[in-house]
Protein chains: 2
Amino acid sequence: MGKHKVVLYIAMSLDGYIARKDGSVDWLDDVEGDEVDNGYGKFYDSIGTVVMGRLTYDEVLSLTDDFPYADKPCYVYSRSKQVEAPHVVFTDEPLESFIPRLKDTSKGDIWLVGGGQLVQTFLEMKLLDEIYLAIIPKVLGEGIRLFPKGTIPNSFKLLKMEQLGQIVALSYKVIV
Amino acid sequence: MGKHKVVLYIAMSLDGYIARKDGSVDWLDDVEGDEVDNGYGKFYDSIGTVVMGRLTYDEVLSLTDDFPYADKPCYVYSRSKQVEAPHVVFTDEPLESFIPRLKDTSKGDIWLVGGGQLVQTFLEMKLLDEIYLAIIPKVLGEGIRLFPKGTIPNSFKLLKMEQLGQIVALSYKVIV
């Protein structure tokens, strides 16, 4: 099982999208959260390692000049040609060996940042322990779904819920 | 505006489905709610008129011998041949005349029971005032979506949230 857990911490629209079709998350900007940071700071402090897919990495880069996870080990899953980039390590190591090793060696929990395809693979391989969903009170109509059609059926146990301004924050344990 | 509001009160899986592909809602059966009725009784008391689509009506009939809304006026939207049926009135009157009249004459709020197609039409025509979502902690992987791809973008205002066992109940006002 490993010492640490793998957590998906992500914002989702009411109709299940985590990003627009082009990966953008501009629809998160005008959402009224709580006064501080919607609990993000506390969550981020608990994280030892950051993992994301290549498209999510590209989107993060497009949002800011300062890579926001520069202070943690950060792995980017990519099947295409591996490149050198600051702050991150590109990898295509099989998840079934990589993630259990991370769970043992990480200095805190492992944050699966996204995107949809990597989340689905984690669910299929039963590598995801918890999901933290920030439900945004909007319908987008189209985009990249957190749980695309064909996601394997799964059950979850509700651990916690809280209201952060207009955001509903739900913590679930993945029932394997 | 009318005296009464139109409310969608519906259960949705974490991946946005309100029914399986064949319309069935068997996945709701083993969900741990609260001790009583997940607030349904109080909600139902506030309802003066029930409205649903034809497929939803068929599903309701298949679930029980006793039509559960027999004590309220109940309208079934259907574009196909109108039939005689106990407890309900089939209609294909344009929503833009029917719903405002209902809002004035109903003896309580109007419950839009479903399904997905009728909900989308109500949203497009800005006829829906509030949605009450019971979030079920399951991923189904496929089925009938509450907000199918192509639903017009919309924003909502969170009115209330509560935990009912494993169910997260969210009330939203539709922002027109």
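## Close-up views of a two-chain predicted model

**View 1. A mixed sheet spans both chains.** Nine strands build an open sheet, in the order 8(A)-10(B)-11(B)-7(B)-1(B)-6(B)-3(B)-4(B)-5(B). The pairing is mixed. Strand 8 (138-139) of chain A and strand 5 (89-91) of chain B are the edge strands. Each of these two pairs on one side only. The model is predicted, and local features are reported at pLDDT of at least 70.

**View 2. Strands 1 and 7 of chain B run in parallel.** Strand 1 (residues 6-13) of chain B pairs with strand 7 (residues 130-136) of chain B. The sense is parallel, over seven bridges. One position to locate is B:Met12, whose bridge partner in strand 7 of chain B is B:Ile135.

**View 3. Two helices of chain B lie across strands.** Helix 2 (residues 54-63) of chain B crosses strand 3 (47-53), strand 4 (74-77) and strand 6 (109-114) of chain B. Helix 2 runs at about 105° to strand 3 of chain B. Helix 4 (residues 116-124) of chain B lies across strand 1, strand 3, strand 4, strand 6 and strand 10 (154-164) of chain B. The angle between helix 4 and strand 6 of chain B is about 135°.

**View 4. Strands 3, 4 and 5 of chain A pair in parallel.** Strand 3 (residues 47-53) and strand 4 (residues 74-77) of chain A run parallel, joined by four bridges. A:Gly53 stands opposite A:Tyr77 of strand 4. Strand 4 of chain A is also joined to strand 5 (residues 89-91) of chain A, by three bridges and again in parallel. Here A:Val76 has A:Phe90 of strand 5 as its bridge partner. Add helix 2 (residues 54-63) of chain A to strands 3 and 4 of chain A, and the three make a right-handed β-α-β unit.

**View 5. Helix 2 of chain A has a buried face.** Which residues of this helix are buried? A:Thr56, A:Tyr57, A:Glu59 and A:Val60 are. Seen down the axis of helix 2 of chain A, its buried residues fall within an arc of 160°, so they line one face of the helix. These buried residues pack against strand 2 (17-19), strand 3, strand 4 and strand 6 (109-114) of chain A.

**View 6. Chain A meets chain B.** The contact takes 26 residues from chain A and 26 residues from chain B. On the side of chain A that touches chain B, strand 8, strand 10 (154-164) and strand 11 (167-175) of chain A each supply at least two residues. Strand 10 of chain A gives the most, with seven residues. What is the make-up of this side of chain A? Its residues divide into 13 nonpolar, eight polar and five charged. Strand pairing also links the chains: two bridges join strand 10 of chain A to strand 8 (residues 138-139) of chain B. These two strands run antiparallel. The bridge partner of A:Asn154 is B:Val139 in strand 8 of chain B.

**View 7. A:Leu140 is a buried loop residue.** A:Leu140 sits in the loop between strand 8 and strand 9 (144-145) of chain A. Why does A:Leu140 count as buried? It has 24 other C-beta atoms within 10 Å, and the cut-off for buried is 20 or more. Leaving aside residues up to four places away in sequence, A:Leu140 touches A:Ser13, A:Asp15, A:Tyr17, A:Arg20, A:Trp27 and B:Pro153. A:Val6 is 134 residues from A:Leu140 in sequence and 28 Å from it in space, C-alpha to C-alpha.

**View 8. Each chain has a cis Gly-Gly peptide bond.** In chain A, the cis bond joins A:Gly114 and A:Gly115, with omega about 0°. A:Gly115 lies in the loop between strand 6 and helix 4 (116-124) of chain A. In chain B, the peptide bond from B:Gly114 to B:Gly115 is cis, with omega near 0°. B:Gly115 is placed in the loop between strand 6 and helix 4 of chain B.

**View 9. Two loop residues of chain B have positive phi.** B:His87 is not glycine, yet its phi is positive, near 75°. B:His87 lies in the loop between strand 4 and strand 5 of chain B. With 16 C-beta neighbours inside 10 Å, B:His87 is partly exposed. B:Lys126 also has a positive phi, near 55°. Its place is in the loop between helix 4 and strand 7 of chain B. B:Lys126 is exposed, having 12 other C-beta atoms within 10 Å; the exposed class takes 12 or fewer.

Definitions and conventions. Residues are numbered from 1 along each chain as its sequence is written. Chains are lettered from A and ligands numbered from 1 in the order in which they are written. This is a predicted model: local features need pLDDT of at least 70, side-chain atom pairs count only at pLDDT 80 or more; totals for chains, interfaces and linings use all residues. Two strands pair if DSSP finds at least two bridges between them. Two residues are in contact if their C-beta atoms, placed from the backbone, lie within 7 Å. Axes are lines fitted to C-alpha atoms, for helices over the stretch in contact, and angles run from 0 to 180 degrees between N-to-C directions. A crossover is right-handed if, with the strands pointing away from the viewer, the path from the first strand over the helix to the second runs clockwise. Ala, Val, Leu, Ile, Met, Phe, Trp, Tyr, Cys and Pro count as nonpolar, Asp, Glu, Lys and Arg as charged, and the others, Gly among them, as polar. The arc is that of the directions from the helix axis to the C-beta atoms.
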